[in-house]
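Reader: I'd like a close look at one part of this model before I go back to the bench. Could you pick a single spot, walk me through it slowly, and then work outwards from there?

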Number of protein chains: 2
Amino acid sequence: VSLSSPSSGRSGRRPGPTQSRDAIAAAAREQFAEVGYDRATFRAIASAAGVDPALVVHFFGSKESLFREVMALPPAVGEAIAALATGPPETVGRRVAEILVGLIDNPSSRALVVGRIRSAASQPHAAELVRETVTRDLQRLAAAITDDRPATRAVLVGSHLVGIAFARHVVLVEPLAAMSTAEVVDLVAPTFQRFLAGPLD
Amino acid sequence: VSLSSPSSGRSGRRPGPTQSRDAIAAAAREQFAEVGYDRATFRAIASAAGVDPALVVHFFGSKESLFREVMALPPAVGEAIAALATGPPETVGRRVAEILVGLIDNPSSRALVVGRIRSAASQPHAAELVRETVTRDLQRLAAAITDDRPATRAVLVGSHLVGIAFARHVVLVEPLAAMSTAEVVDLVAPTFQRFLAGPLD
């Protein structure tokens, strides 16, 4: 799942409005991921994007609306999770692990996930974003597989993923922080399998 | 595991230094849990404890040293986890779940855990506290049970616990947030069992 837009590369020309907007969005994601919502400032975001702070306000208004807009998950993530329901249930754990660990590890989406987690710790609207992702996409997948407590299954997968992302990218606990994406997928796939398709207790 | 001290109750007399210190520590834990390290202030902590802000500085020095001191896990937690190694390995998942879910749910320790998680999102020394707990106590337990990647097993248990605490007490994802402690123990015990004593992949 890629978040980068073709217009965000450097062209040598003076950046047009779309390029500036993309550059601000990318810089804002990095800021939220690095320091969390509370410490992120328009000034630092503008500086990283190479624009005037007034342009950030012009494009995005308030810090809250900037956060909501740039931290939205691309629709492709929800679609990829929804598509998992059509495959064999006995491999759903590995398939969902590949998408979700990819999401937290991929450079194009990692800032989005880490930024949400860091910000959710102190910001109710960031918490709301984390909550709606977990409940919506994963719950729909779980419900397609079983009638037995799909909402509970979805929140187990989501909370384990958040815990892994927290240990791997925020707190940097070894050996998890140094593992490859493939190793993490191998490690969490059996757990996700049980959470989604196995007996719960 | 209880964190309250016998001297922290209200006696009707003017509070002595130990009572003030305990009241400040309890108020600081609540502040860190509610708003995280960045937003916690000496003024708000002093106000909640009913003392002058200067007294917070007098007892604890800087915000960082206040955090380190009041957010330290009581030694009883590490001892309880260590004691699990002497029981039967086939029930270690449930036994560790009872201690750890109790830790995140018990009113006397919840503020400690939630405050660490909220603060770790933006504060390196809070992250350090989370990291050392996970690696030290759980790793020792895992190593007593198996030679197969004990450090990986410990971080899986720790990160799942952090994910559960995050979903249950920070982001408030249902149905997890509304469950009883016993229901959460039932839900995570089989996962902790596999993480600590089962095959990993």
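Author: Let's start with His160(A), which sits in helix 9 of chain A, the stretch covering residues 150-170. Keep in mind that this is a predicted model. Is His160(A) buried or exposed? With a relative accessibility of 0%, and the cut-off for buried being under 20%, His160(A) counts as buried.

So what is His160(A) in contact with, once you leave aside its neighbours within four places in sequence? On its own chain, the partners are Val188(A), Thr191(A), Phe192(A) and Phe195(A). From the other chain come Leu156(B), Ser159(B), His160(B) and Phe195(B). In other words, His160(A) is in contact with His160(B), its counterpart by number.

That brings us to how the two chains are related. As a general matter, two copies of a chain are related by a rotation about an axis and a shift along it. Here, a turn of 180° with a shift of 0.0 Å along the axis lays chain B on chain A, and the RMSD is 0.0 Å. This is the relation of a two-fold axis. The same surface serves both copies, too: 100% of the contact residues of chain B recur in chain A. Which residue of chain B comes closest to the rotation axis? That would be Gly163(B), whose C-alpha is 1.9 Å from it.

Phe192(A), one of the contacts of His160(A), turns up again in the largest nonpolar core, which has 136 residues. The residues with the most contacts inside that core are Phe32, Leu66 and Phe192, each listed for both chain A and chain B. In soluble globular proteins, nonpolar side chains tend to be buried together. Take Phe32(A) as an example: not counting residues up to four places away in sequence, it touches Leu66(A), Phe67(A), Val70(A) and Met71(A), among others. Its list also includes Tyr37(A), Ala40(A), Gly115(A), Arg118(A) and Ser119(A).

Now hop over to chain B, where Phe32(B) is one of the helix 1 residues that meet helix 4. Helix 1 of chain B (residues 17-39) packs against helix 4 of chain B (residues 63-70) at an angle of about 105°, with the axes 10 Å apart. The two helices are therefore roughly perpendicular to each other. From helix 1 of chain B, the residues involved are Arg21(B), Ala25(B), Ala28(B), Arg29(B), Phe32(B), Tyr37(B) and Asp38(B). They meet Lys63(B), Glu64(B), Leu66(B), Phe67(B), Glu69(B) and Val70(B) in helix 4 of chain B. By class, this contact has 7 nonpolar and 6 charged residues, and no polar ones.

Glu69(B), in helix 4 of chain B, is worth a pause. At 43% relative accessible area, Glu69(B) is partly exposed. Leaving out residues up to four places away in sequence, it touches Arg21(B) and Phe60(B). Glu69(B) and Ala25(B) are 44 residues apart in sequence, and their C-alpha atoms are 8.4 Å apart in space.

Helix 1 of chain B also packs against helix 3 of chain B (residues 53-60), at about 95° and with axes 10 Å apart. That makes this pair roughly perpendicular. Pro17(B), Ser20(B), Arg21(B), Ile24(B) and Ala25(B) of helix 1 make the contact with Leu55(B), Val56(B), Phe59(B) and Phe60(B) of helix 3. Sorted by class, that contact has 7 nonpolar, 1 polar and 1 charged residues. Val56(B) is also touched by Phe42(B), which lies in helix 2 of chain B (residues 42-49). Phe42(B) touches Leu66(B) as well.

Finally, back to helix 9 and the backbone around it. Where is Pro175(A)? In the loop between helix 9 and helix 10 of chain A. A cis peptide bond joins Glu174(A) to Pro175(A), with omega about 5°. In chain B, the bond from Glu174(B) to Pro175(B) is cis too, with omega near 5°. The loop between helix 9 and helix 10 of chain B holds Pro175(B) and also Leu172(B). Leu172(B) has a positive phi near 55° without being a glycine, and it is partly exposed at 47% relative accessibility. In the loop between helix 8 and helix 9 of chain B, Arg149(B) has a positive phi as well, near 45°. Arg149(B) is partly exposed, with a relative accessible area of 34%.

How values were computed
Residues are numbered from 1 along each chain as its sequence is written. Chains are lettered from A and ligands numbered from 1 in the order in which they are written. This is a predicted model: local features need pLDDT of at least 70, side-chain atom pairs count only at pLDDT 80 or more; totals for chains, interfaces and linings use all residues. Side-chain values use heavy atoms; hydrogens and water are left out. Helices (H or I, at least four residues) and strands (E, at least two) are DSSP runs, numbered from the N terminus. Buried means under 20% relative accessible area, exposed over 50%, partly exposed in between (1.4 Å probe, protein chains only). Contact means heavy atoms within 4.5 Å. Copies are superposed by least squares on the C-alpha atoms of residues with pLDDT of at least 70 in both. Axes are lines fitted to C-alpha atoms, for helices over the stretch in contact, and angles run from 0 to 180 degrees between N-to-C directions. Angles under 35 degrees count as roughly parallel, over 145 as roughly antiparallel, 65 to 115 as roughly perpendicular and the rest as oblique. Ala, Val, Leu, Ile, Met, Phe, Trp, Tyr, Cys and Pro count as nonpolar, Asp, Glu, Lys and Arg as charged, and the others, Gly among them, as polar. A nonpolar core is a set of buried Ala, Val, Leu, Ile, Met, Phe, Trp, Tyr and Cys residues joined through side-chain atoms within 4.5 Å.
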